[in-house]
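This report describes the architecture of a two-chain model, moving from a single residue to domains, sheets and the contact between chains.

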Amino acid sequence: MKTLTLDQVDDLALGATLLGTGGGGDPYVARLMLRQAISTYGPVGIVDARELPADGLVMTVAVVGAPTVLLEKIPAGTEFVAAIEALASYLGRAPVALMPIEVGGFNTLVPMAVAAEMGLPVVDADGMRRAFPQVEMTVFTLAGIKASPMSVADEKGNLCVFETNTNQLGETLVRGAVMSLTLANAFSSYSMNASSVIQHAITGSVTYCMELGRLLAAVQRGEEGAYGRFLSASDGRIIFSGVISDVHRETTEGFSKGTVTIESRDNAERVMQVAIQNEFLVAWENGEPVVTVPDLICILDAETAIPINTETLGYGQRVNVVGLPCAPEWHQEGMLEVAGPRAFGFDLDYKGWLT
Amino acid sequence: MMLRLGIDVGGTNTDAVLVDGAGAVLAAHKAPTTADPLDGISAAIQAVSRGADLSRIRQAMLGTTHSANAIIQRLGLGRVAVLRLAAPSSLAVSPGADWPDDLRDSVITEGGYEYDGRVIADLDEEAIRRFTTEAQKAGTVAVSCAFSPANFEHELRAAEILAEELGEDFPISLSHRVGTLGLLERENATILNAALQGVAKAVVDGLDNALASHGIDAASYITQNDGTLMTSAHALAMPVLSLASGPTNSMRGACSLAGLADAIVVDVGGTSTDIGILVDGFPRESAAAVYVGGVRTNFRMPDLISMGLGGGTIVRPDVTGVTVGPDSVGYRVTSDALVSGGSTLTLSDISVAGGRLQDFGDASAVDDLDPATVDRALSWVDEQLAAHCERMKASRRPMPLLAVGGGAHLVSERVSGASEVIRPRHYEVANAFGAAISEASGTVDRVYQYGSSSREECLEAARAEALASAVEAGADPDQTRITSVVEVPMTYVPGGGCRVQVKAAGPLGG
């Protein structure tokens with residue numbers, strides 16, 4: 001077992017911002033939550049699922065709600081414990097560890113803070129190793145593991161547990177509950193045994209996130225050769241460098257959609273376009289797809305190497321577009337239906353990782 | 001005709017101008033900022049008022065980076081007791097959690113609102129009364145509350161209780177008056193406001209004493225981030241609102257001196273350069289969170305890029321080219337630069353050697369400079385300025401560029417993305433001029449029920465009241481106009497409540 005200490009929180013948060021691929025929620029508040037939880041309760045154990053009893057229960061926990069409400073309504077901490085305990089009580093057993101659903105964005109850090117408070121370890125695994133907007137967009141779905149049963153709780157002692165036959169109905173019920181519980185809540189789903197985590201989850205994603213954060217922080221400090229080390233550890237590529245010449249946005253049905261256009265400074269003929277749907281999903285150069293979802297597209301400030309999210313993109317920014325391959329666990333039957341370009345409405349085949 | 005005194009205290013220089021009612025500059029002065037900034041203010045007032053009829057000076061306006069420097073250097077900041085009304089929510093992040101050091105005591109108590117206007121919990125009045133112990137120990141209080149930008153009843157009630165217990169004069173900063181949506185950022189801004197009370201008092205008293213000691217009987221004002229004036233009393237209560245007034249004054253001064261309302265403004269000082277955008281004569285405001293001394297806040301600030309490039313920036317030739325900055329000799333450029341008889345190669349020396357700066361020191365001191373070094377350093381300057389100007393523009397459309405400040409000579413005659421480069425007359429004291437032409441303003445901040453009368457009727461009433469209050473503050477009625485309208489809807493509340501903030505501003509009347 002490894003431990004997550006206070007001095008590693010910033011690397012983890014930076015890695016989470018990177019793997020948010022432009023979305024996933026700003027981890028600012030989550031980072032402060034985790035710092036406070038570790039200061040109060042001590043460091044968090046990070047375990048390999050194989051260190052847990054095979055039939056031990058692993059539970060996930062996340063924030064669910066409206067991003068603008070979460071800016072005003074900071075979590076209490078108690079709602080996460082309540083959501084976990086309610087679902088554990090429904091299942092009739094207590095968890096041996098917690099796990100993030102998504103390592104990417106805000107929800108990467110939440111299970112760590114809750115685990116510190118509950119005295120549980122966190123499994124070094126997740127269901128996405130990037131951010132996605134919907135709860136069924138996981139490798140668990142590929143393995144036939146359902147999000148249900150699931151629970152939603154608030155900070156005042158209100159909670160509910162759902163069991164549904166389909167993920168769609170689950171999503172509908174969760175949205176209804178969250179509306180009534182004031183749009184800033186705790187959510188637990190995808191409970192599974194440690195043996196299922198070993199078999200079906202993306203393993204090592206927490207340490208991957210922290211390592212990428214650590215290497216990117218070195219790039220930001222301007223250390224010699226740091227970009228090379230960052231790219232080689234992540235198997236990433238700088239797929240384009242240039243200046244943002246246009247940002248087109250529209251908000252439809254609660255999702256922010258749009259396109260960002262980047263022009264090369266060296267060669268006026270070269271133009272990259274990146275499609276946004278909460279996250280960056282597809283990158284085209286001169287009309288040809290270069291990187292497609294579920295592989296990751298990250299836009300970094302060319303000078304500071306700070307990851308730029310979809311809200312802060314602006315005309316004139318000088319950027320590097322970095323492609324990262326998705327977790328290898330995604331490459332199995334059903335990936336394209338759950339998380340390929342067509343799952344987001346693009347009339348486009350999955351490009352495959354750059355070779 | 002009456003006269004106005006504009007003063008700007010920057011990190012490197014203290015500038016002052018004496019301006020007549022028509023906006024003409026009668027006298028200007030620029031001198032290094034003194035160790036105690038108040039000495040520099042006094043010297044500047046003396047220099048520009050020499051020979052003038054002092055009885056005609058009716059108004060004195062001060063813009064200063066004093067508060068910003070106090071935060072950056074952590075000098076003179078008061079201890080703050082923080083009261084957050086939000087429990088049982090928000091307990092996972094304590095007030096001031098990302099402050100670099102511990103300046104505060106804090107309590108999170110029951111109260112605050114949901115997004116839909118319902119209370120999270122009823123206000124715990126007893127807990128607020130108990131909080132007076134911490135408040136008394138600290139000497140100043142910051143109060144924050146969940147969703148207070150839309151509902152500020154709980155903050156007002158908490159202030160009432162604290163005033164009952166601690167007296168009417170006890171300084172209390174309320175978050176809904178300081179910042180916008182984003183509890184932690186607004187709370188941080190409120191803590192800063194509370195911590196700056198002592199610094200603000202020193203500045204306001206210093207200005208008043210300096211005026212009195214020179215026999216000037218003028219109304220004194222402090223300039224705000226948005227280019228309007230605060231009375232001394234308001235400046236004492238809301239110091240955070242003047243934090244970024246230096247760059248604002250510089251931008252507004254530049255635009256008025258050049259007779260333009262829309263432009264990129266590049267203000268090159270001794271140590272750093274600020275680049276901002278003027279829209280309709282006012283600085284474009286930043287939409288993103290703003291970091292002040294490492295603390296994330298969200299009050300309204302001009303959208304600026306600052307970079308380490310100034311007249312005193314140190315240039316170091318090396319085998320592969322040159323390294324420029326980021327360190328600077330600052331105001332010692334008049335003694336340490338080569339052309340000043342010193343031994344440090346600065347951007348001012350480069351500018352002299354490259355023909356951009358004339359009549360500054362002894363040009364023969366840079367005769368032996370390698371022309372390649374000069375070219376490389378100037379290319380670096382041009383490249384940096386062009387990149388940052390492009391970043392600040394919201395679109396590809398070229399805009400005029402106004403170069404101001406003591407280091408404006410460094411800006412090349414042509415900058416890509418700029419339709420022209422203009423150095424207006426008196427460009428070196430644009431910031432003090434900007435302070436002198438700041439406008440009087442009036443604001444309305446109230447919750448209206450759109451159910452009982454129409455939205456347009458409510459907005460019209462708010463506009464009229466803001467205009468009247470600006471005129472009351474001294475604005476010329478003929479030139480007063482609405483400068484901003486912000487509506488924060490309280491959605492899902494029966495009757496459709498909405499917080500409306502309207503601001504009006506106009507130049508001071510004769």
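A:Leu231 is partly exposed, because 17 other C-beta atoms lie within 10 Å; by the criterion applied, a residue is buried if 20 or more other C-beta atoms lie within 10 Å of its own, exposed if 12 or fewer, and partly exposed in between, with C-beta atoms placed from the backbone. The model is predicted: local features need pLDDT of at least 70, side-chain atom pairs count only at pLDDT 80 or more, and totals for chains, interfaces and linings use all residues. Residues are numbered from 1 along each chain as its sequence is written, while chains are lettered from A and ligands numbered from 1 in the order in which they are written.

A:Leu231 belongs to helix H10 (residues 226–234) of chain A. Helices (H or I, at least four residues) and strands (E, at least two) are DSSP runs, numbered from the N terminus. Leaving aside residues up to four places away in sequence, A:Leu231 touches A:Gly236 and A:Arg237; two residues are in contact if their C-beta atoms, placed from the backbone, lie within 7 Å. A:Val322 is 91 residues from A:Leu231 in sequence, yet the C-alpha to C-alpha distance between A:Leu231 and A:Val322 is 8.8 Å.

**Overall dimensions**

The two chains are set side by side below.

| Chain | Helices and strands | Box along the principal axes (C-alpha atoms) | Buried residues |
|---|---|---|---|
| Chain A | 11 helices and 19 strands | roughly 65 × 40 × 40 Å | 52% of 355 residues |
| Chain B | 14 helices and 23 strands | roughly 75 × 55 × 50 Å | 51% of 510 residues |

Chain A has a radius of gyration of 20 Å, close to the 20 Å given by the globule rule for 355 residues, so chain A is as compact as a globular protein of that length. The radius of gyration is taken over C-alpha atoms, and the globule rule is 2.2 Å times the number of residues to the power 0.38. For the 510 residues of chain B, a compact globule would have a radius of gyration near 24 Å, and the value of 24 Å for chain B agrees.

Contacts across the sequence can be described in a similar way. In chain A, 72% of the contacts with a separation of 6 or more are between residues 24 or more positions apart. In chain B, 67% of the contacts between residues at least 6 apart in sequence join residues at least 24 apart.

**Domains**

Chain A is assigned domain 1 (2–205) and domain 2 (236–344), with bounds that come from an automatic or database domain assignment. The centres of these two domains of chain A, taken over C-alpha atoms, are separated by 26 Å. Across their boundary, 20 residues of domain 1 of chain A are in contact with 23 residues of domain 2 of chain A. On the domain 1 side, helix H1 (9–19) and helix H6 (139–142) of chain A are the elements that give two or more residues. That side comprises nine nonpolar, eight polar and three charged residues; Ala, Val, Leu, Ile, Met, Phe, Trp, Tyr, Cys and Pro count as nonpolar, Asp, Glu, Lys and Arg as charged, and the others, Gly among them, as polar.

Chain B is divided into domain 1 (80–194) and domain 2 (439–506).

**Strand pairing in chain B**

An open sheet of six strands in chain B follows the order E3-E2-E1-E4-E9-E10, with mixed pairing; two strands pair if DSSP finds at least two bridges between them. Strand E3 (25–32) and strand E10 (229–231) of chain B form the edges, each with a single partner strand, so one side of each is left without a neighbour in the sheet. Strand E2 (residues 13–20) of chain B runs antiparallel to E3(B), joined by seven bridges. Within E3(B), B:His29 stands opposite B:Ala16.

Strand E19 (residues 399–404) of chain B has five of its six residues buried, so it is largely enclosed by the rest of the structure. Strand E11 (residues 263–268) of chain B pairs with E19(B) in the parallel sense over four bridges, and B:Asp267 stands opposite B:Val404 in E19(B). Strand E20 (residues 418–422) of chain B also runs parallel to E19(B), through three bridges, with B:Met399 opposite B:Ala418 in E20(B).

**Contact between the chains**

The contact takes 24 residues from chain A and 25 residues from chain B. On the chain B side, helix H6 (183–195) and helix H12 (371–392) of chain B are the elements that give two or more residues. H12(B) supplies the largest share of that side, three residues. By class, the chain B side has 14 nonpolar, five polar and six charged residues.
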